Amino acid sequence: MSAVVVQGLRKTYGEVVAVDGLDLVIEPHEVVSLLGPNGAGKTTTVEVLEGYRRPDAGSVSVLGTDPMVGGRAYRERIGVVLQEAGFEESFTPRELIRLHAGYYPHPRAVQEVIDLVDLGEKADARVRTLSGGQRRRLDLALGIVGDPQMLFLDEPTTGFDPSARRRAWELIDRLRDLGTTILLTTHYLDEAQHLADRVVVIDHGTVIASGTPEALAASAGASTVISFRVPEGVTTADLPEVGTDLRVAGTTVEVRTPDATRDIHLLTGWAVGRSLSLDGLTLTRPSLEDVYLDLVGEPSPTDETAADAP
Amino acid sequence: MSRDLRMLGRQIRHEFAVLRGTPIVIILAVGFPLLFFALISAFVGNETLDERSGVRVAQFLAPAFASFGIVMATFSFLGVGLAEARARGVVKRQNGTPLPRWVMLGGRMGAAMLLGLASTVLVLGVGAVFYDIQILGRTLLAALVTIVTASLAFSALGIAVAALASTPQVAQALTNGLVIPLAFVSDIFNFGGSAMPSWLSNIGWAFPLKHLVNALGDAFNPFLAGSGFAWGHLAVIAGWGVAGAVAAGWLLRASRETAARRSGAVGRAPAGDRSPRRNARPSAWALVLDQVRHTAAGLVREFEAVFFSVAFPILLVVLIPATSGGGGAVLDNGLALPTFLAGTMAIYGAAVTGFVSIAEGIADERGSGALTRTHGTPLPRWALLTGRVVGAVVVSLVTVAGCYLAAAVVHGAPFPVAWPAILFVVVLAAICFAALGLAVVSLVRSAQSVIGISLGFLLPLSFLSDVFIVGVQYPAALEAVSWVFPLRHATASITEAALLPTLVGGLDPGHLGMLVLWTLVALLVVAWRFAWEGTKARARLRPVG
């Protein structure tokens, strides 16, 4: 049985359609990353799955349960790390983790959780003395203390420094190895690439692409990129006809090609024939970032102003 | 040198701005002395003591309350402020700048001194304008020297406490735990000390606060001749100051070393944390007990909550009889004044705990999103809310014990025979107020509005509901209004319970019925309207673009 089955999910806030006919299936022990621009409907989707929001239409099942009616028994099996939530500042991480451990039937040991999220140094300091990254780790700790079968992580590493992010990734990897099903949302493409078995790109409330990071990149096909510096005394007009899209930035040329083998052969043959060297010649496989930007489009400046408005 | 002095000036200005921007500091160091001075001067009627010179009672009250302001500013808030700055890393950051250490400490001391001076000037100014206090030119210098000496001495002690305390909470507990009890034995709240056993009075003389009150009192005493210098008192204050400075210097050095050692050490985990707590769904009992413990701990850690719901009522039990006829005064209904006050203050404490602190706490948690997180856990709503209500009951029981104990120790009032009835009323009232607090949180979404509404209701109602004053006849309409709300039924219940010397006392089913009725209404509102998310969380969840 699948861990998550969502069919035709729709959720509106007044006039605004946040999620518009979204379908999603997550298998047990899978780590899936929801990727998409601000306002794409990521958080709303996750909050419906967590049981915070009632969908307007569609069917939702998590661990075989409808989150809206699963109640306490459902929440005993999930872990939730919200995008943003405060703490009771006068308590220590250890006290809050202990309190939360008391809510679950099969909690992890408090010290184990503290060690997992690497909060040992600050475990007995008041929350109000914690840094932003330490607070986020406490968030993670409270999300996993109940040893959940299904873990929801809404932008888990926002605000982490690079090493803290690596450690959080290790933690999520470890949880995956322990068999936890994880749904995470993220802005970071490297994070999705590193952690997720499968990436689901959503925009305007619907899924626009889905697959392993590699498959997604491959599906973008045309966008393997050959780049090199134009040899001195040569103009781009002299180059052989290669690729589908040629861009010049200063003396560097970037060519997108669906057939890298043939085009590389053409280019190097052309250069060797003229005793020229193609400095800085590189062949780049499309990154998830390229795929992502292809899919959702780079926002134009006017879009950005609109997104900032309340 | 002059550059350093300019730096000190800027530092003092900065620290003073910090103090000014902290409401609890202004309330306790300035508002509280001023309010109590005005209140008590009005209470005791401000009689003219000497027809010829026109000297009035307020002449002797003003230096006492000014002293309280000074010790609050220069001892309590200096100590707590420094401990907080250290905990938040402000001191560490300053240590990484060229700011000399003495300027850093001097800035805090200077600001605290200014605050104490402002409090003093306000008390004396109000006294001079409204209560005919005489300010004598010949003793002005003595007053100033006393204030400066005491400020320096208390500052040194405050810094020592900050260095001694491992956290700001410990500093807060140490400073206020010392100052507030000491104030009672230091001629601040007990005028002339006639009702005070001599051993308590002697304890007072061992500490510098009583010497400050008396030195300042001498400086404003128009019956004493001369320049007003009380050298004996000043010497004791200075002695404490030197001891404080030595201790502070030693402790600051020592704490730097332990801090360096501590940062490398890894804390050892308590045994209970090393294995999972349980392997089955927690029982309802375990859930509620955890919540009660959590609620009580949260209340105890909030200084304001403890002060206003526990310390303040107890303080008034001690204070009001001392200023209105002494501990032996008997009311028209035959109840000794301290016994009466112990009851009504316990009710007031329960109301502050349940209706204000519990409501504020949960509204804050909702505003910050902490409640949203809890909503995502298996903790049932009823367990969360029951825990809050029972937590309020626990704190209210501490208050009621403290109130009757204070009445017994300070005023010699016997424990009422009807104590089971009194405890019953307190528990019922605490449940009622906490349920009402939760009802307010259920109806009002923003945290600021919650605190405004709860305080806005409670304070005016207290005056109409025989909490602070009894026997005042208000206009009929106001009287009628006061009987609608549960507060007056609660004070009436506890007063009547104490009247009869039996275990069940004089409980009145009518009043108790009103408390039960309000509790039920409140619970219905909570069941119908309680929401885990506040306005802020809602706004955040609205998608953009």
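**A six-stranded sheet in chain A and its surroundings**

In the predicted model, A:I78 stands opposite A:M150 of strand β6(A). This pair belongs to the parallel ladder between β5(A) and β6(A), which are joined by four bridges. The ladder is part of an open sheet of six strands in chain A. The strand order is β5-β6-β7-β3-β8-β9, and the pairing is mixed. Strands β5 (78-81) and β9 (206-211) of chain A stand at the edges. Each has a single partner strand, so one side of each lacks a neighbour in the sheet. From one strand to the next, the twist averages 15°.

Strand β6(A) is mostly covered, with five of its five residues buried. Here a residue counts as buried when 20 or more other C-beta atoms lie within 10 Å of its own. In a regular strand, side chains alternate between the two faces of the sheet. In β6(A), A:M150, A:F152 and A:D154 point one way. A:L151 and A:L153 point the other way. Residues on both sides of β6(A) are buried. Beyond its ladder with β5(A), β6 (residues 150-154) of chain A pairs with β7 (residues 181-186) of chain A. That pairing is parallel and spans five bridges. Within β7(A), A:T185 stands opposite A:D154. A:D154 is thus described twice, as a buried residue of β6(A) and as the one facing A:T185 in β7(A).

Further along the sheet, β3(A) and β8(A) are parallel, with four bridges between them. A:L34 stands opposite A:V200 of β8(A). The next pairing, β8(A) with β9(A), is antiparallel and has five bridges. There, A:V199 has A:G211 of β9(A) as its bridge partner. The two strands form a hairpin with two residues between them. In this hairpin, A:H204 adopts a positive phi near 50°. Helix α10 (residues 288-296) of chain A lies across this part of the sheet, over β3 (31-35), β8 (198-203) and β9. The helix runs at about 25° to β8(A).

Helix α1 (residues 42-50) of chain A is also covered. Nine of its nine residues are buried, so the helix is largely enclosed by the rest of the structure. The buried set includes the charged residues A:K42, A:E47 and A:E50. Also buried are A:T43, A:T44, A:T45, A:V46, A:V48 and A:L49. A:G51 follows α1(A) and has a positive phi, near 95°.

Across chain A as a whole, there are 11 helices and 13 strands. Buried residues make up 42% of the 310 residues. Among contacts in chain A with a separation of 6 or more, 69% join residues 24 or more positions apart.

The largest nonpolar core has 223 residues. Within this core, A:A141 and B:A429 touch the most other members. Helix α3 (residues 58-87) of chain B supplies the largest share, 18 residues. From chain A, the core draws at least three residues from each of domain 1 (4-211) and domain 2 (218-308). Residues up to four places away in sequence aside, A:A141 touches A:P93, A:I97, A:V113, A:I114, A:V117 and A:L119. Another core, of six residues, lies apart from the largest one. Its members include A:F228, A:V242, A:V253 and A:V255.

The contact between the two chains takes 42 residues from chain A and 38 residues from chain B. On the chain B side, α11 (284-301), α13 (337-368) and α14 (370-375) each supply at least two residues. Helix α11(B) gives the most, with six residues. By class, the side of chain B that touches chain A has 14 nonpolar, 12 polar and 12 charged residues.

Definitions and conventions
Residues are numbered from 1 along each chain as its sequence is written. Chains are lettered from A and ligands numbered from 1 in the order in which they are written. This is a predicted model: local features need pLDDT of at least 70, side-chain atom pairs count only at pLDDT 80 or more; totals for chains, interfaces and linings use all residues. A nonpolar core is a set of buried Ala, Val, Leu, Ile, Met, Phe, Trp, Tyr and Cys residues joined through C-beta atoms within 7 Å. A residue is buried if 20 or more other C-beta atoms lie within 10 Å of its own, exposed if 12 or fewer, and partly exposed in between; C-beta atoms are placed from the backbone. Domain bounds come from an automatic or database domain assignment. Two residues are in contact if their C-beta atoms, placed from the backbone, lie within 7 Å. Two strands pair if DSSP finds at least two bridges between them. Axes are lines fitted to C-alpha atoms, for helices over the stretch in contact, and angles run from 0 to 180 degrees between N-to-C directions.
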